[in-house]
Amino acid sequence: MFATTHRAFATKADEILLPRQNAINCCPANPMRIEKRAQRAAVAAQVDLSRHSPGYYSDTSMHQETDRLSRAFEARELELEVAMAAEMGGGVWRRYAPHNMMIMVQLCYTFMYFITEAAFNRGLNPYVYVTYRHVVVTVLLWPFAYYHEKKLRPKMTWMLFLEIFVLSLLGVSLTLNMYFASLKYTSPTFVTSVVNTIASITFVIAIVLRMEIVDVRSPRGLAKIAGTVVSFAGVTTMTLYKGAAFASPWNAPIHIQGSNGVHDSWLKGAFLAVASCVCWSIWYILQASSVKRYPAELSLTAWMATIGGIQSLAFTLLLQHKKEDWLIGFGLKFWCIIYSGIACSGFTVFAQLWCTEKKGPVFVTMFNPLSTIMVAILAYFIFGENLYVGSIIGGVVVIAGLYMLLWGKEKDQEYNASGEEQVADLDCEKQQAKITGASSAKNGSEQEAKTTR
């Protein structure tokens with residue numbers, strides 16, 4: 001019996017330490033949350049320890065062994081607290097890894113806008129560009145995806161293939177063909193400003209699908225509604241009002257041929273940009289659930305590039321019958337496709353899938369204004385492009401609405417997290433009450449036994 005009790009107590013002690021270590025790994029940069037989780041784990045384990053405690057027996061040596069194990073357990077807890085402090089340094093990097101990843105994504109997009117604009121001005125067809133771009137991704141990405149995620153990749157079924165087909169249509173072929181056609185008709189500054197409405201459009205679609213609940217009586221709910229309305233007002237301003245042009249006051253260090261020419265069909269390009277953002281918003285919502293069913297992000301990216309490339313090829317063949325449109329040579333057009341394929345259809349899609357799994361789709365969209373700011377600065381000061389009044393005013397309004405929406409979303413998450421903690425704390429109090437009641441009952445029975453003797 002003594003050996004059995006010793007093993008039971010040691011096992012329960014490990015069960016207390018393991019949740020504490022898991023708490024450190026889950027939120028290494030939040031000591032208060034760690035401590036709360038650790039307290040809950042300790043209380044929950046005490047309930048089990050009371051069932052295995054040698055205190056239920058009268059043997060004095062077993063009581064002494066229990067005290068010795070308790071002191072050893074406290075020493076191990078102290079060692080764990082020291083290890084927790086050491087984990088904090090590495091935890092900071094892990095905590096901000098999604099932020100760094102999304103900044104790199106926006107940098108890739110920023111350079112892509114100017115490279116593709118220059119290639120379009122030299123005759124590169126947008127639909128041919130999207131098709132070739134995903135052919136590059138397919139060829140380069142599949143070998144890495146196949147060997148790196150061989151054990152992680154789930155079995156492909158018809159339903160899963162259909163889901164990836166729809167994801168590829170919304171996030172690759174249809175969206176990108178409309179998006180880059182709009183870039184040909186407008187400007188990089190305009191296109192990057194319109195992209196900031198994706199968060200608001202995603203929010204509206206989530207409400208329609210009942211995936212999002214808005215409390216109109218709370219400040220956070222009002223902020224989300226107001227942010228959505230403001231964002232739509234901004235994109236409407238950019239679409240319907242172009243305004244006067246601000247020319248760069250000095251000669252640009254780098255000049256893109258045709259960048260300051262008059263853009264034909266500005267309104268057509270604006271509507272294509274908005275339509276692409278709607279498709280992108282639906283894609284963000286769908287991919288959040290698809291990643292859970294297909295957790296191999298690299299393979300999912302390769303599948304979407306492959307299927308999206310085939311869809312784009314079929315679409316482009318219907319519109320472009322000239323052989324010259326498919327001949328790109330080895331100049332700017334070629335390197336534009338190579339860069340966009342590797343950096344923007346490979347790395348960025350993989351990074352967005354990874355960040356969506358870690359932080360959610362709203363976190364991914366909150367970094368879009370960074371690209372807008374970088375594009376505007378480079379366009380005006382480095383490439384000497386014109387800035388239009390409508391794009392400036394609308395872009396500022398859209399960004400303001402975006403961060404109003406994100407503020408409300410963040411407060412929602414804090415509110416839900418505090419509610420979960422209150423429920424957990426209440427469970428801990430109930431468990432503690434059970435422990436106290438069991439101890440009182442045990443002491444009463446021991447006292448009654450001594451009186452009887």
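This section describes the overall make-up of a predicted protein model, followed by its nonpolar cores, its salt bridges and selected residues.

The predicted model contains 14 helices and 2 strands. Of the 453 residues in the protein, 46% are buried. Contacts between residues at least 6 apart in sequence were also examined, and 89% of them join residues at least 24 apart. The accessible surface of the protein amounts to about 23,400 Å². Carbon and sulfur atoms account for 65% of that surface.

In soluble globular proteins, nonpolar side chains tend to be buried together. In the present model, the largest nonpolar core comprises 65 residues. Within this core, the residues with the most contacts are Y113, L124, Y129, F180, F190 and M304. The surroundings of Y129 illustrate how such a residue is placed. When neighbours within four places in sequence are left aside, Y129 is in contact with M112, T116, F120, L124, F180, C336, I337 and S340. Two of these partners, L124 and F180, are also listed among the residues with the most contacts inside the core. A second core, separate from the one just described, consists of 6 residues, including V137, L141, A145 and L298.

Helix α3, which spans residues 60–121, contains T110. The relative accessible area of T110 is 1%, and T110 is therefore classed as buried, the cut-off being under 20%. The side chain of T110 reaches the backbone oxygen of Q106 at a distance of 2.8 Å. Apart from residues up to four places away in sequence, T110 touches S371, M374, V375 and L378.

Side chains of opposite charge can pair when their charged atoms come close. The structure holds 2 salt bridges. In one of them, R293 is paired with E163, and the closest N and O atoms are 2.7 Å apart. This pair links distant parts of the chain, since R293 belongs to helix α9 (residues 266–293) and E163 to helix α5 (residues 158–185), with the two positions 130 residues apart in sequence. R293 has a relative accessibility of 46% and so counts as partly exposed. The other salt bridge joins R217 to D215, with the closest N and O atoms 3.7 Å apart. R217 is exposed, at 77% relative accessibility, whereas D215 is partly exposed, with a relative accessible area of 30%.

Helices α5 and α9 also contribute to a nonpolar patch on the surface. The patch covers about 440 Å² and is made by M159, L162, F165, V166 and L286. Its largest share, 4 residues, comes from α5. L286 is found in helix α9. The relative accessibility of L286 is 32%, and this residue therefore counts as partly exposed.

A further case of residues separated in sequence is provided by F315, which lies in helix α10 (residues 297–319). F315 and Y127 are 188 residues apart in sequence, yet their C-alpha atoms are 8.1 Å apart in space. With residues up to four places away in sequence not counted, F315 touches Y127 and N177. At 36% relative accessibility, F315 is classed as partly exposed, because this value falls between the 20% limit for buried residues and the 50% limit for exposed ones.

Conventions: Residues numbered from 1 in each chain as written. Predicted model: local features only at pLDDT ≥ 70, side-chain atom pairs only at ≥ 80, totals over all residues. Heavy atoms only, no water. Buried < 20%, exposed > 50% of the residue type's maximum accessible area, 1.4 Å probe, protein only. Contact = heavy atoms within 4.5 Å. Areas by Shrake-Rupley, 256 points an atom, 1.4 Å probe, with all protein chains shown as cover. Salt bridge = Lys/Arg side-chain N within 4 Å of Asp/Glu carboxyl O. Patch = residues over 30% accessible without salt bridge, like charges linked within 9 Å, V, L, I, M, F, W, Y side chains within 5 Å. Polar contact = N/O pair within 3.5 Å; in protein donor to acceptor, adjacent residues only side chain to side chain. Core = buried A, V, L, I, M, F, W, Y, C linked by side-chain atoms within 4.5 Å.
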